[in-house]
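User: I have a sequence and a model in front of me. Please take me through some of its local features, giving the reasoning each time.

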Amino acid sequence: MTETPAKTGDSTAPYKHLYLVDGSGYIFRAFFAIPPRMTSHGVHTNAVFGFTNMLIKLLRDTDADGLAVIFDHSGESFRNEIYPDYKANRDEPPEELVPQFAAIREATRAFGLPCLEQQGYEADDLIATYARLAAEQGLRVTVVSSDKDLMQLVGERIDMLDPMKDRAIGREEVIEKFGVPPEKVIDVQALAGDSTDNVPGVPGIGIKTAAQLVEQYGSLEALLERAEEIKQPKRREKLIENADLARVSKQLVTLEQQVPVEADLGTFGLSEPDPEPLRAFLERYEFRSILNRLADKLVPNGGEGVVPDAKEVRGTAGTQSPAEADQGSSASSPGSGYATVQTIAALQDWVRRATEAGRVAVDTETDSLDSLRARLVGVSLAVAPGEACYIPLAHKNESDGGDGDSLDFDGGEAPEQIPLKEAIDLLRPLLADPTVLKIGQNLKYDLEVLHRHGLEVTPLDDTMLLSYVLEGGLHGHGMDELSKLHLDHTPIPFKEVCGSGKSQITFDRVPLERATDYAAEDADVTYRLHALFRPQLVTEKLATVYETLERPLVPVLVAMEEAGIKVDTGQLKRLSNDFATRMAELETEIHGLAGRPFNIGSPKQLGEILFDELSLPGGKKGKTGAYATGADILEQLAAQGHDLPARVLDWRQVAKLKSTYTDALQTQINPETGRVHTSFGQAVASTGRLSSTDPNLQNIPIRTEEGRKIRRAFVAERGHKLLSVDYSQIELRLTAHIAGVDALREAFAAGHDIHAMTASQVFGVPLEEMDSATRRRAKAINFGIIYGISAFGLAQNLGIAQGEARDYIGAYFARYPEIQDYMERTKTEAKERGWVRTLFGRRIHLPTIRDKNPARRSFGERAAINAPIQGTAADIIKRAMIRIPPAIEAAKLDTRMLLQVHDELLFEVPEAQVEETAALVKKVMEGACVPALELSVPLVADVGVGESWDEAH
């Protein structure tokens, strides 16, 4: 006779109070709360360490006598069968976290606790099922989590505990959160949706409105059946159109309480952990502080306790921080005792040391600033403060020709060096090792140099970007400046080893001893800066900015810079000739207006013509005795109707376009690729915007005919098209959201012409009677206001009297008082804190906001108003840039992202893939805020396609 198996999960429990711990919820909080730490074998452990401490605190503080820890299972759940896009917009976990998932489960088992997960189900479903089973047995259940999705479980025998806030959650707290009791939470969530999990809900309905509707109609189903009764037309239409989507959403948010669970409730009783497995776990992951703290519990059979370790360098509560430990563990300052690695055995030893350390600072030395043409001369490594080396790979000789002051070393024999290919083969495993953190300063340059030699570098940290995130706007982020500022150390100047001017030599000619001191010091300083900066991300609450915006953008920019963009050299030559002709024509016209020939490019001669000979107003002499003739002066004179300064401005613009673009671009074409490769500056603009240099492709005028002609010279390869995707009025949309301007929010949601609507509301002109001049005034105010424009500035822009401009601004603020409130509130907060913040948490410092000089202080105030808006726009496009490459790869498209210019991304796409790529990029860009931020206005991305950049734009 076959014995009938017991029903899974419902055995009688030998305890009264059960804790069901949302283990997956703990993991990310632990990872971001604890600074990076590794074992001596290079294993990342910060999340494991944080999780272990959370378990200890929970076990210490709880009155429960039963406990189980539940995790999400890797892979998709049954919800993906219902809705394939469920959780599709979730970011990939950080590289250093992924290997720690298994160790966190190991920690759970080491404490003798049930460690539960089940394929096809999420942790929340298992928690819901066990909570139901336990409540049916009459047990008290506490769900330990801060996840709002679990609040639907709260009932007579089930409550929650938010471990981060140490706050109990019962029926009243659920009503406070959702506006409805627990039994109606599912209906509210189904209506409102959830951007984090990509639950669609009903567009335009948030939690507050959803709660009102569910309370009014009793349930989601009753609401949908009676949707025709809704008085508000837009809401009624949305509910009718999206009824099926709401029902699908309810399926997604409803926790499954009938999971065929595999473990019995009877096995969840709490007991003391077995000392040996727990001790083995803590020792394996080198958690010495925890070992010491639990010493009395880990002494089996009266044996000796854990011997205290006086110096736990990886940092924990009550011990040194990583920065303090590392800074104190070796030489007090950089600059001496570095090694020159000239043999394979020596390099193997340094690779071993770096692997064991778990982190290594890496720097390359080359013979050019152009990373895509530079030759790799050597590599330096640092594994601890003061412990650094230089690996020469292409030095020519060590002779100084007998002249101690000379820096020209031709003539000597090449020094002993490891062959380049062998050195690369030895470095390859280290640089690609996922358990070893590679640290660099402006790593983008080094990655491009190393990539050309077939070397991949991951995972990485960049001290330049760490500094930028922590102190953007306060100072520059070059290594020399950071070293002086934070280490009180002045690194060896480059000109001291390579000279300057005509006598400057390339690094491959520097003698090895001098090269080692210089190169190894760079790695040493970078290592020390990293130890200082990395822990500050957590204490300053900037880890998310660095981890989700700046660090993952580095490889994206590397790929874009390596791709470059094709230019039509014939078109450039024709443009150069055209611009030269146009300059000559303007020169003739200017000389005619002046009454005599003069050098238009000479500020001194121009000033004399304008203010001495033509007696134009506003002439001011500087310390040199020459008149100021900057663009601002000429623009003022041109606005007053004077032709000569207006023509000079035209001449300067054409001259600049010719020298900067049509002439220079011809020399900047890479002979190996036939393309132009700009360099994106990631740590330049304090707002988070990217810059572009060598060449600067972000300053090509968009609205002038000359600028459009230059853009026509940027073309697609044969068989391809250029695809431009540009955020539409993103800063105005963000202004509407951040300032809470309902009128603008509604206009954007309805897709209205925002400038015409503003003109109608501010100037009282009906939309059907709107003329282009009135709309243009409104457009100037719309864009000017977010830059803190003054009446004087607006008057100049519109060519009107200052009093009239002041009246326009007053009328604007009267119609949109929320914007003025935002401006005043932001200036006040900026003065108190010295910085403002974007919606994604980026901190933008404003050093002039408290300046005693009124002009500088006023500049700081204008920056404070604009920075949260422009900075959030910059963050959004960075989020899009990070998400687009994996989306393109997943779709198996052969598209390359080439350029980022303000709010625009430019791609090169095979002709057959244009439509699919355009749809994919548009979708990613318009959803770039999700799940981190729910905007009250829609993001809209406009798409253009063409043979050239101008045609696509």
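The questions and answers below deal with a predicted model.

User: How are helix 29 and helix 35 oriented to each other?
Analyst: Two packed helices are described by the angle between their axes and the distance between the axes. Helix 29 (residues 730-739) and helix 35 (residues 817-833) have axes 9 Å apart and an angle of about 80 degrees. Angles of 65 to 115 degrees count as roughly perpendicular. Helix 29 and helix 35 are therefore roughly perpendicular.

User: Which residues make the contact between helix 29 and helix 35, and how do they divide by type?
Analyst: On helix 29 the contact is made by Thr735, Ile738 and Ala739. Helix 35 contributes Glu818, Ile819, Tyr822 and Arg825. By type, the residues of this contact are four nonpolar, one polar and two charged.

User: Which strands stand at the edges of the open sheet of six strands?
Analyst: The sheet has mixed pairing, and its strand order is 3-2-1-4-5-6. A strand at the edge has a single partner strand, so one of its sides is left without a neighbour in the sheet. The edge strands are strand 3 (115-116) and strand 6 (167-169).

User: Do strand 4 and strand 5 run parallel or antiparallel, and which residue of strand 5 stands opposite threonine 142?
Analyst: Strand 4 (residues 140-144) and strand 5 (residues 158-162) are joined by four bridges and run parallel. The residue of strand 5 opposite threonine 142 is aspartate 159.

User: Which strands does helix 2 touch, and what angle does its direction make with that of strand 2?
Analyst: Helix 2 (residues 46-61) packs on the sheet. The strands touched by helix 2 are strand 1 (17-22), strand 2 (66-70) and strand 4. The direction of helix 2 and that of strand 2 make an angle of about 160 degrees.

User: Is glycine 607 buried or exposed, and which residues does it touch?
Analyst: Glycine 607 is found in helix 25 (residues 603-613). Its relative accessible area is 0%, so glycine 607 is buried. Leaving aside residues up to four places away in sequence, glycine 607 touches Asp612, Tyr627 and Thr629.

User: With which side chain does the side chain of threonine 895 make a polar contact?
Analyst: Threonine 895 has its place in the loop between helix 36 (854-890) and strand 21 (896-901). At 9% relative accessibility, threonine 895 counts as buried. Among the residues it touches are Ile888, Phe907 and Pro910. The polar contact, at 3.1 Å, is with the side chain of threonine 917.

User: Which residues are joined by the cis peptide bonds described here, and what is omega for each?
Analyst: Most residues other than glycine have a negative phi, and most peptide bonds are trans. Proline 459 is in the loop between helix 17 (443-451) and strand 12 (460-462), and proline 931 is in the loop between helix 37 (914-926) and strand 23 (941-946). A cis bond joins threonine 458 and proline 459, with omega about -10 degrees. Another joins valine 930 and proline 931, with omega about 0 degrees.

User: What is phi for serine 615 and for glutamine 729?
Analyst: Serine 615 lies in the loop between helix 25 and helix 26 (631-639), and is exposed at 57% relative accessible area. Glutamine 729 lies in the loop between strand 18 (720-727) and helix 29, and is partly exposed at 24%. Although serine 615 is not a glycine, its phi is positive, about 55 degrees. Glutamine 729, also not a glycine, has a positive phi of about 50 degrees.

Terms used
Residues numbered from 1 in each chain as written. Predicted model: local features only at pLDDT ≥ 70, side-chain atom pairs only at ≥ 80, totals over all residues. Heavy atoms only, no water. Axes fitted to C-alpha atoms, helices over the stretch in contact; angles between N-to-C directions. Helix = DSSP H or I, 4+ residues; strand = E, 2+ residues; numbered from the N terminus. Parallel < 35°, antiparallel > 145°, perpendicular 65-115°, else oblique. Contact = heavy atoms within 4.5 Å. Nonpolar A, V, L, I, M, F, W, Y, C, P; charged D, E, K, R; others polar. Pairing = 2+ DSSP bridges. Buried < 20%, exposed > 50% of the residue type's maximum accessible area, 1.4 Å probe, protein only. Polar contact = N/O pair within 3.5 Å; in protein donor to acceptor, adjacent residues only side chain to side chain.
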